[in-house]
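Got the viewer open and the selection box ready? Let's take a walk through the side chains, one stop at a time.

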Amino acid sequence: RPSRLLLNIDQVSDDAPLEVSLVDDAEQPLPGFEPVRVAQPGLRVPVVFAEPNVPAGKRFRVRIRWPEGEANPRFYALYFLAN
């Protein structure tokens with residue numbers, strides 16, 4: 001089913017965002033789901049990709065990258081919220 005991706009994260013900021021993308025089995029970003037920066041802490045923080053809905057019926061992985069340096073954002077959970 002078409003869904004949106006939400007995260008529970010903390011200690012992120014404009015200087016220390018998490019980078020989120022949807023990738024295929026070869027680790028290549030899916031069209032419309034290229035890396036986006038998420039810098040807002042909170043519960044159920046939406047990840048806003050170019051495409052509004054996570055692809056339904058297609059295999060993918062969620063790639064999350066931490067910032068370089070001393071920043072240490074906290075990642076607790078991800079959710080797929082059906083539309």
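Start by selecting phenylalanine 80, which is partly exposed at 40% relative accessible area. This is a predicted model, so keep that in mind as you click around. Phenylalanine 80 belongs to strand S6, residues 74-82.

Now add phenylalanine 60, also partly exposed, with 24% relative accessibility. How do the two rings sit relative to each other? Their centres are 6.0 Å apart and the planes meet at 70°; an angle over 60 counts as edge-to-face, so that is what this pair is. Phenylalanine 60 sits in the loop between strand S4 (42-46) and strand S5 (61-65), so the pair ties together parts of the chain 20 residues apart in sequence.

Next, select tryptophan 66 and phenylalanine 75. Here the ring centres lie 6.2 Å apart with the planes at 85°, so this pair is edge-to-face too. Tryptophan 66 is partly exposed at 40% relative accessibility, and phenylalanine 75 is partly exposed at 30%. The two pairs you have just seen are among the three aromatic pairs in the structure.

One more ring before moving on: bring up tyrosine 79 and arginine 44. Arginine 44 lies over the face of that ring, 5.0 Å from its centre.

Time to go to the start of strand S1 (residues 3-10), where you'll find serine 3. Is serine 3 buried or exposed? It is buried, at 10% relative accessible area. Show what surrounds serine 3, skipping neighbours within four places in sequence, and you get Pro52, Asn53, Val54, Phe80, Leu81, Ala82 and Asn83. Phe80 from the opening stop is one of those contacts.

From there, head for the nonpolar core. Which residues should you select to see the middle of it? The largest core has 16 residues, and those with the most contacts inside it are Leu5, Ile9, Val20, Leu22, Val47 and Phe49. Colour by element of secondary structure and look at S1, strand S2 (18-23) and strand S3 (36-38): these give two or more residues to the core. As background, nonpolar side chains tend to be buried together in soluble globular proteins.

Zoom in on leucine 22. Beyond four places in sequence, leucine 22 touches a list that includes Leu5, Phe33, Phe49, Val54, Phe60 and Val62. Arg61 is also one of its contacts, and that residue makes a handy bridge to the last stop.

Select arginine 61, partly exposed at 39% relative accessibility. It forms a salt bridge with aspartate 25, with the closest N and O atoms 3.6 Å apart. Arginine 61 is in strand S5 and aspartate 25 in the loop between S2 and S3, which puts the partners 36 residues apart. Aspartate 25 is partly exposed, at 45%.

Arginine 61 also forms a salt bridge with glutamate 27, this time with closest N and O atoms 3.1 Å apart. Glutamate 27 lies in the loop between S2 and S3, 34 residues from arginine 61, and is partly exposed at 34%.

Stay on glutamate 27 and add arginine 63: their side chains meet in a salt bridge at 3.1 Å, N to O. Arginine 63 is in strand S5, 36 residues from glutamate 27, and counts as buried at 16% relative accessibility.

To finish, select Asp25, Glu27, Arg59, Arg61 and Arg63 together, since they are linked in a network of salt bridges. Across the whole structure, a search finds four salt bridges.

How values were computed:
Residues are numbered from 1 along each chain as its sequence is written. This is a predicted model: local features need pLDDT of at least 70, side-chain atom pairs count only at pLDDT 80 or more; totals for chains, interfaces and linings use all residues. Side-chain values use heavy atoms; hydrogens and water are left out. Rings of Phe, Tyr and Trp (its six-membered ring) pair if their centres lie within 6.5 Å; planes under 30 degrees apart count as stacked, over 60 as edge-to-face and the rest as tilted. Helices (H or I, at least four residues) and strands (E, at least two) are DSSP runs, numbered from the N terminus. Buried means under 20% relative accessible area, exposed over 50%, partly exposed in between (1.4 Å probe, protein chains only). A charge sits over a ring if NZ of Lys or CZ of Arg is within 6 Å of the ring centre and within 35 degrees of the ring normal. Contact means heavy atoms within 4.5 Å. A nonpolar core is a set of buried Ala, Val, Leu, Ile, Met, Phe, Trp, Tyr and Cys residues joined through side-chain atoms within 4.5 Å.
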